[in-house]
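Work through the exercises below with the sequence and the model side by side, and try each task before reading its solution.

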Amino acid sequence: MPNMKTLGAILIVLGLLMSIIGYGLYENVMCHCSSQTQANPIGCHCGTVMQQSIGHMLVYSGLAVAGSGMLVFTHWWRKKIIFN
């Protein structure tokens, strides 16, 4: 049963990392420009719509992976308590 504990912990950490990386791709909302008078000023980097949708996908799939890791970990915990 220690494999379930390790698997749960790894899934939780990977899921949270995926969510953090996905959240970093939300540059479409915040452009790093001094003045935003136009839609996309020259020399200003704003994220694209594709980048934002990939960010959404990574955040939600990361939360799903972390949630499944929590389920695996609690399943191991309950079996540990029942059999001890």
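A residue counts as buried under 20% relative accessible area and as exposed over 50%, with partly exposed in between. The model used here is a predicted one.

**Exercise 1. Decide whether G67 is buried, partly exposed or exposed, and find how far it lies from L11.**

Solution. Begin by placing the residue: G67 is found in helix α2. Its relative accessible area is 27%, and because this value falls between the two cut-offs, G67 is partly exposed. For the distance, follow the C-alpha atoms, which for G67 and L11 are 8.3 Å apart in space, although the two residues are 56 residues apart in sequence.

**Exercise 2. Describe the surroundings of L11, beginning with its exposure.**

Solution. The place of L11 is in helix α1, and with a relative accessibility of 21% L11 is partly exposed. When neighbours within four places in sequence are left aside, L11 is in contact with V65, A66, S68 and G69. For one of these, G69, the C-alpha to C-alpha distance from L11 is 4.6 Å, while the separation in sequence is 58 residues.

**Exercise 3. Work out which residues S19 touches, and find the backbone atom that lies by its side chain.**

Solution. First locate S19, which lies in helix α1, a helix made of residues 2-23. Next consider its exposure: the relative accessible area of S19 is 10%, so S19 is buried. Residues up to four places away in sequence are not counted in the next step, and what S19 then touches is L58, V59, G62 and L63. Finally, turn to V59, whose backbone oxygen lies 3.3 Å from a polar atom of the S19 side chain.

**Exercise 4. Place I54 in the secondary structure and relate it to G22.**

Solution. I54 belongs to helix α2, and its relative accessible area of 33% makes I54 partly exposed. Measuring along the chain, I54 and G22 are 32 residues apart in sequence, whereas in space their C-alpha atoms are 7.2 Å apart.

**Exercise 5. Find how many aromatic pairs the whole structure holds, and classify the pair of F73 and W76.**

Solution. A search of the whole structure gives three aromatic pairs. In the pair of F73 and W76 the ring centres are 5.4 Å apart and the planes meet at 45 degrees, so the pair is tilted. Both residues lie in helix α2, which covers residues 49-83, and they are three residues apart, about one turn of the helix. Their exposure can be read next: F73 is partly exposed, at a relative accessible area of 27%, whereas W76 is buried, at 10%. To widen the view, note that F73, W76 and W77 form one aromatic cluster, and that K80 lies over the face of W77, at 5.1 Å from the ring centre.

**Exercise 6. Summarise the chain by its secondary structure, contacts and surface.**

Solution. Start with the secondary structure, which comes to two helices and zero strands. Then take burial: of the 84 residues of the chain, 23% count as buried. Among contacts between residues at least 6 apart in sequence, 75% join residues at least 24 apart. Last comes the accessible surface, which is about 6,200 Å² for the chain, with 71% of it belonging to carbon and sulfur atoms.

Conventions
Residues numbered from 1 in each chain as written. Predicted model: local features only at pLDDT ≥ 70, side-chain atom pairs only at ≥ 80, totals over all residues. Heavy atoms only, no water. Phe/Tyr/Trp six-rings, centres within 6.5 Å; stacked < 30°, edge-to-face > 60°. Helix = DSSP H or I, 4+ residues; strand = E, 2+ residues; numbered from the N terminus. Buried < 20%, exposed > 50% of the residue type's maximum accessible area, 1.4 Å probe, protein only. Lys NZ or Arg CZ within 6 Å of the ring centre and 35° of its normal. Polar contact = N/O pair within 3.5 Å; in protein donor to acceptor, adjacent residues only side chain to side chain. Contact = heavy atoms within 4.5 Å. Areas by Shrake-Rupley, 256 points an atom, 1.4 Å probe, with all protein chains shown as cover.
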